[in-house]
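Me: Hey, can you walk me through this one? I'm new to reading structures, so plain words please.
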Amino acid sequence: MYAKVREPLLHLPNYTVPAFAERLARHGGEPGFEAVLAFDAEGRPVGYAYGNTVESGDRWWKRIGAVDPAFTGAPTLALKEIGVTVPHRGTGLARRVHDKLLAGRSEAYASLMVNASAGDGKVRRVYESWGYEAIGTSRPSPESPVLTAMIRPIGSDG
């Protein structure tokens with residue numbers, strides 16, 4: 001499913017399937033890991049989201065730089081990946097998968113990183129409409145584009 005979601009980007013080093021598999025294996029072993037999958041009526045996977053808990057001092061925060069201690073002082077859900085296949089974009093599926101991932105979490109905040117140029121800024125605007133606000137930038141790896149770090153309260157409806 002990842003390859004279907006990211007197909008136009010698979011030629012870029014940070015988006016290759018092996019690079020994703022390495023990240024997923026690492027993230028899957030981190031505290032608070034949870035994944036949500038969405039399936040179509042025929043039982044085919046069409047969307048996903050996953051994340052894990054990050055605490056003060058986690059590399060998630062260190063890569064962003066100076067972040068308000070109000071955000072870093074308590075456990076936060078780091079939303080590491082979210083995606084839906086092309087036929088399901090614009091249907092609200094991404095929001096439903098996102099909300100399912102956040103439902104019942106004990107963390108005070110959810111944080112994510114987005115390529116601000118993705119979709120000519122549309123993806124960032126979607127996250128803003130879900131209640132996220134920018135708190136800094138990050139470049140998780142040399143192969144990664146510069147990402148905008150965003151955060152919102154978990155209890156927020158966006």
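Me: So what percentage of the residues count as buried here?
Reply: In this predicted model, 42% of the chain's 158 residues count as buried.

Me: And what about the surface, how much area does the chain expose?
Reply: About 8,100 Å², with carbon and sulfur atoms supplying 57% of that.

Me: Ok, what radius of gyration does the chain have, and what would a compact globule have?
Reply: The chain has 15 Å. A compact globule of 158 residues would come out near 15 Å, so the two agree. If you want a box to picture, the C-alpha atoms fill one of roughly 45 × 35 × 30 Å along the principal axes.

Me: How many helices and strands are there?
Reply: Six helices and six strands. Reading from the N terminus, the order goes α-α-β-β-α-α-β-α-β-α-β-β.

Me: Back to the buried stuff. Which residues touch the most other members in the largest nonpolar core?
Reply: That core has 20 residues, and the ones touching the most other members are Leu79, Leu101, Leu102, Leu112, Tyr127 and Tyr132. Strands E1 (34–39), E2 (45–54), E3 (76–84) and E4 (109–114), along with helix H5 (93–102), each give two or more residues to this core.

Me: Why would nonpolar side chains be together like that?
Reply: As a general rule, nonpolar side chains in soluble globular proteins tend to be buried together.

Me: Pick Leu101, then. What is it in contact with, leaving aside neighbours within four places in sequence?
Reply: Leu101 is in contact with Glu34, Ala35, Val36, Ala49, Tyr50, Gly51, Leu77 and Leu79.

Me: What about a second core, which residues does it include?
Reply: The second one is separate and has 13 residues, among them Ile64, Ala78, Tyr109 and Ile151.

Me: New topic: His98. Where is it found, and is it buried or exposed?
Reply: His98 is in helix H5. Its relative accessibility is 0%, so it counts as buried.

Me: Which residues is His98 in contact with, again skipping neighbours within four places?
Reply: Leu79, Ile82, Trp130, Tyr132 and Arg152. Also, the C-alpha atoms of His98 and Ala49 are 6.4 Å apart, although 49 residues separate the two along the chain.

Me: For the whole chain, what share of contacts with a separation of 6 or more comes from residues 24 or more positions apart?
Reply: Those residues account for 61% of such contacts.

Me: Last one, charges: how many positive and negative side chains?
Reply: There are 19 positive and 17 negative side chains, and the centres of the two sets lie 3 Å apart.

Technical notes: Residues numbered from 1 in each chain as written. Predicted model: local features only at pLDDT ≥ 70, side-chain atom pairs only at ≥ 80, totals over all residues. Heavy atoms only, no water. Core = buried A, V, L, I, M, F, W, Y, C linked by side-chain atoms within 4.5 Å. Buried < 20%, exposed > 50% of the residue type's maximum accessible area, 1.4 Å probe, protein only. Helix = DSSP H or I, 4+ residues; strand = E, 2+ residues; numbered from the N terminus. Contact = heavy atoms within 4.5 Å. Rg over C-alpha atoms; globule rule 2.2 N^0.38 Å. Areas by Shrake-Rupley, 256 points an atom, 1.4 Å probe, with all protein chains shown as cover. Lys, Arg positive; Asp, Glu negative; His and termini not counted. Charge placed at Lys NZ, Arg CZ, Asp CG, Glu CD.
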